[in-house]
Amino acid sequence: MNINAPRGTKDILPAQIASWRFIEDKIRDICKRYGYEEIRTPIFEHTELFQRGIGEGTDVVDKEMYTFEDRGGRSITLRPENTASAVRAYLQNKLFADKSLVKLFYIGSMFRYDRPQAGRLREFHQFGIEALGEKNPAVDAEVILMAVDFLKSLGLNDLNLKINTVGCPKCRPVYRQKLQHFFSDKLNDLCHDCQTRFDKNPMRILDCKADADKDFMSEAPKIKDCLCDDCREHFDSVQKLLKAAEVDFSIDDRLVRGLDYYTKTAFEIQYTPLGAQSAVAGGGRYDGLIEEIGGSPTPAVGFAAGIERILAALEMQNLLPIADSASDAFIVAVGEAAETIAFELLTKIRRGGMTASMDFAKRSIKAQMKQAGKSNAKFALIIGEDEVTNNTVTVKNLANSEQQTLAVDEVVNFISKQSESND
């Protein structure tokens, strides 16, 4: 019997939670400043949503989705990404009815069946935003700026922002034809996946890691030479706005992103010290997705950031916070009468908004004092036979070993004042 966590998943242990909360607090802060509201979608959806939204023929749909049939015979898939789910929620709940631009953010688990490696798990966590309902290139620039600001707010340096345009349904067929013409006599030199992509989606050949270093790849046609006037003007405006915001970037002609729903702007932010899995955030515009899954034609743009990769980057720069496990008090009680008083005191301290704990194993006072030290408590509240008789508590400062005797009724107020003075 295998009772270990499934391959490609891992537990997030108490000692690690402070780091996750640090990132989540930064997420909520940046989203509040940029006007994004949180949405939480189901972990699983009808498979068709991702087939239509992400696109059949993509690696995600063809190879990586966790798909199963439920007891009603319906095909269900654990979400491999959250944009399609956010768009489904936007349509199903008519979020478009109240305002023309809807700005959403999410934090949650995604699932892809992939070969587990550093920075890539089968259950991974993403933070993402979606701006739905506006075609202005200023929204593209804002989304990119928000991604950069978020990563910088964590203290990350060595960020590399790459941008590109992937055109639109008007100009992309021209580019597709040029790519197929260019790669037609090179099929035998391409990996098996790219040979399949040649007919389904030749743009994805440009994004292939296996073929990236082959000599002829640098000679592949550039999409900038095939853009329609609208796409060219849009991309020029995005660049102009990013420069106005003093955001450093480079244009990467081979940046196409991995999902079919992207149109016009595409971008990726890399933390180069991570090596092969250096992308920590990426996204772009997807003006055709909402219509593809049943809505009216609606422009949209967004990004997603991988939390595990961000954690790895923060660890490399020694930027992860140290978990604060300190508590206000640990109550040491010896004897049944003392335990009753201790439990009452414990309750009052906690209800007063402070942190406290006590020993429930009825061990010796020496063992309890040792546990108090390990608990990282500021004070040990000692209740023994003498304290029960005198209705008092011996309060020991565990930092300097100084101690004093207080009436039981004075203890909560004392701990409260000490807690406030340390804030």
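**Figure 1. Salt-bridge network of Arg28, Glu38 and Arg40.** In this predicted model, salt bridges connect Arg28, Glu38 and Arg40 into a network. A search of the whole structure identifies 19 salt bridges. Glutamate 38 also has a place in the pairing of strands, where its bridge partner is phenylalanine 105 of strand 5. Strand 1 and strand 5 are paired in the parallel sense, over 2 bridges.

**Figure 2. The open sheet of 8 strands and the helix that lies across part of it.** The strands of this open sheet follow the order 1-5-6-11-10-9-7-8, and their pairing is mixed. Strand 1 and strand 8 occupy the edges; each has a single partner strand, so one side of each is left without a neighbour in the sheet. Helix 1, formed by residues 14-34, lies across strand 1, strand 5 and strand 6 (123-132). The direction of helix 1 is at about 160° to that of strand 5.

**Figure 3. Salt bridge between glutamate 37 and lysine 99.** The two side chains meet at an N to O distance of 3.4 Å. Glutamate 37 belongs to strand 1 (residues 37-38), whereas lysine 99 is placed in the loop between helix 4 (83-92) and strand 5 (102-111). The pair thus links distant parts of the chain, 62 residues apart. Glutamate 37 is partly exposed, its relative accessible area being 45%. Lysine 99 is likewise partly exposed, with a value of 41%.

**Figure 4. Salt bridge between lysine 162 and aspartate 252.** The closest N and O atoms of lysine 162 and aspartate 252 are 3.8 Å apart. Lysine 162 is a residue of strand 7 (residues 159-165), and aspartate 252 lies in the loop between strand 8 (250-251) and strand 9 (263-271), so the salt bridge ties together parts that are 90 residues apart in sequence. Aspartate 252 has a relative accessibility of 22% and counts as partly exposed, because the buried class is restricted to values under 20%.

**Figure 5. Salt bridge between arginine 285 and aspartate 287.** The side chains of arginine 285 and aspartate 287 meet with an N to O distance of 2.8 Å. Arginine 285 is buried, having a relative accessible area of 0%.

**Figure 6. Nonpolar surface patch of Ile43, Phe44 and Phe68.** These three residues make a nonpolar patch of about 280 Å² on the surface. Phenylalanine 44 is located in strand 2, which comprises residues 44-46. The relative accessibility of phenylalanine 44 is 47%, and the residue is therefore classed as partly exposed.

**Figure 7. Positive phi at aspartate 158.** Aspartate 158 has a phi near 60°, a positive value in a residue other than glycine. This aspartate is situated in the loop between helix 5 (137-153) and strand 7. With a relative accessible area of 49%, aspartate 158 is partly exposed; exposed residues are those over 50%.

**Figure 8. Positive phi at asparagine 318.** Although asparagine 318 is not a glycine, its phi is positive, at about 55°. The loop that holds asparagine 318 runs between helix 10 (307-316) and strand 12. Asparagine 318 counts as exposed, at 70% relative accessibility.

**Figure 9. The open sheet of 5 strands.** The order of the strands is 13-12-14-15-16, with mixed pairing. Strand 13 (356-358) and strand 16 (403-407) are the edge strands, each pairing on one side only. From one strand to the next, the twist averages 25°. Within this sheet, strand 14 (residues 377-383) and strand 15 (residues 392-397) run antiparallel and are joined by 4 bridges. Isoleucine 382 stands opposite threonine 394 of strand 15.

**Figure 10. Helix 11 and helix 12 against the sheet of 5 strands.** Helix 11 (residues 336-351) packs on the sheet and touches strand 12 (327-333), strand 13, strand 14 and strand 15. The directions of helix 11 and strand 13 make an angle of about 160°. Helix 12 (residues 365-374) lies across strand 12, strand 14 and strand 15. Relative to strand 12, helix 12 runs at about 175°.

Conventions: Residues numbered from 1 in each chain as written. Predicted model: local features only at pLDDT ≥ 70, side-chain atom pairs only at ≥ 80, totals over all residues. Heavy atoms only, no water. Pairing = 2+ DSSP bridges. Axes fitted to C-alpha atoms, helices over the stretch in contact; angles between N-to-C directions. Contact = heavy atoms within 4.5 Å. Patch = residues over 30% accessible without salt bridge, like charges linked within 9 Å, V, L, I, M, F, W, Y side chains within 5 Å. Areas by Shrake-Rupley, 256 points an atom, 1.4 Å probe, with all protein chains shown as cover. Salt bridge = Lys/Arg side-chain N within 4 Å of Asp/Glu carboxyl O. Buried < 20%, exposed > 50% of the residue type's maximum accessible area, 1.4 Å probe, protein only.
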